[in-house]
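Here's a quick briefing to read alongside the structure. Take a look at the model first, then come back for the rundown.

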Amino acid sequence: MSKIEEIVDALENKISKVLHKQEVLKQTNARLSQKLEQQQQKLLEQQEEIASWADKYETLKIANSMLGSDENKRETKLKINALIREIDHCIAQLSE
């Protein structure tokens, strides 16, 4: 009979260890999920900041071209022409 009790005790011990390990893994998973969410939010904010700086850079390039800088003159002319076409299109729609 004591052999069965030892087996049952050993089994209870192993089950207890497995349940404890499961709980630890759940906590670790929750922490990692929270950290992943924070990192994804941080990445999104950084991507928005990069887009903002890219827009500012493009605006600065155009401003420099208008001030007489020979760099990016072609791009500026193309941008101005695109804006003029867009304005003409708007005027045409208003005239109809």
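How many helices and strands does the secondary structure of the chain come to? There are two helices and zero strands. Keep in mind that this is a predicted model.

**Overall shape**
- The C-alpha trace stretches about 100 × 40 × 15 Å along its principal axes.
- The chain has a radius of gyration of 33 Å, whereas a compact globule of 96 residues would come in near 12 Å.

**Surface and burial**
- Just 3% of the chain's 96 residues count as buried.
- About 9,100 Å² of the chain is exposed, and carbon and sulfur atoms supply 58% of that area.

**Charges and rings**
- The chain carries 15 positive and 17 negative charges, and the mean positions of these two sets are 6 Å apart.
- K56 puts its charged end over the ring of W53, at 4.6 Å from the ring's centre.
- As for aromatic pairs, a search of the whole structure turns up zero.

**A closer look at C90**
- You'll find C90 in helix α2, which covers residues 73-95.
- C90 has a relative accessibility of 39%, so it counts as partly exposed; the partly exposed class lies between the 20% and 50% cut-offs.
- Going from C90 to E45 takes you 45 residues along the sequence, and the two are 35 Å apart in space, C-alpha to C-alpha.

Definitions and conventions: Residues are numbered from 1 along each chain as its sequence is written. This is a predicted model: local features need pLDDT of at least 70, side-chain atom pairs count only at pLDDT 80 or more; totals for chains, interfaces and linings use all residues. Side-chain values use heavy atoms; hydrogens and water are left out. Rings of Phe, Tyr and Trp (its six-membered ring) pair if their centres lie within 6.5 Å; planes under 30 degrees apart count as stacked, over 60 as edge-to-face and the rest as tilted. A charge sits over a ring if NZ of Lys or CZ of Arg is within 6 Å of the ring centre and within 35 degrees of the ring normal. Helices (H or I, at least four residues) and strands (E, at least two) are DSSP runs, numbered from the N terminus. The radius of gyration is taken over C-alpha atoms; the globule rule is 2.2 Å times the number of residues to the power 0.38. Buried means under 20% relative accessible area, exposed over 50%, partly exposed in between (1.4 Å probe, protein chains only). Accessible areas come from the Shrake-Rupley method with a 1.4 Å probe; for residues, only the protein chains shown count as cover. Lys and Arg count as positive and Asp and Glu as negative; His and the chain ends are not counted. The place of a charge is taken as NZ of Lys, CZ of Arg, CG of Asp or CD of Glu.
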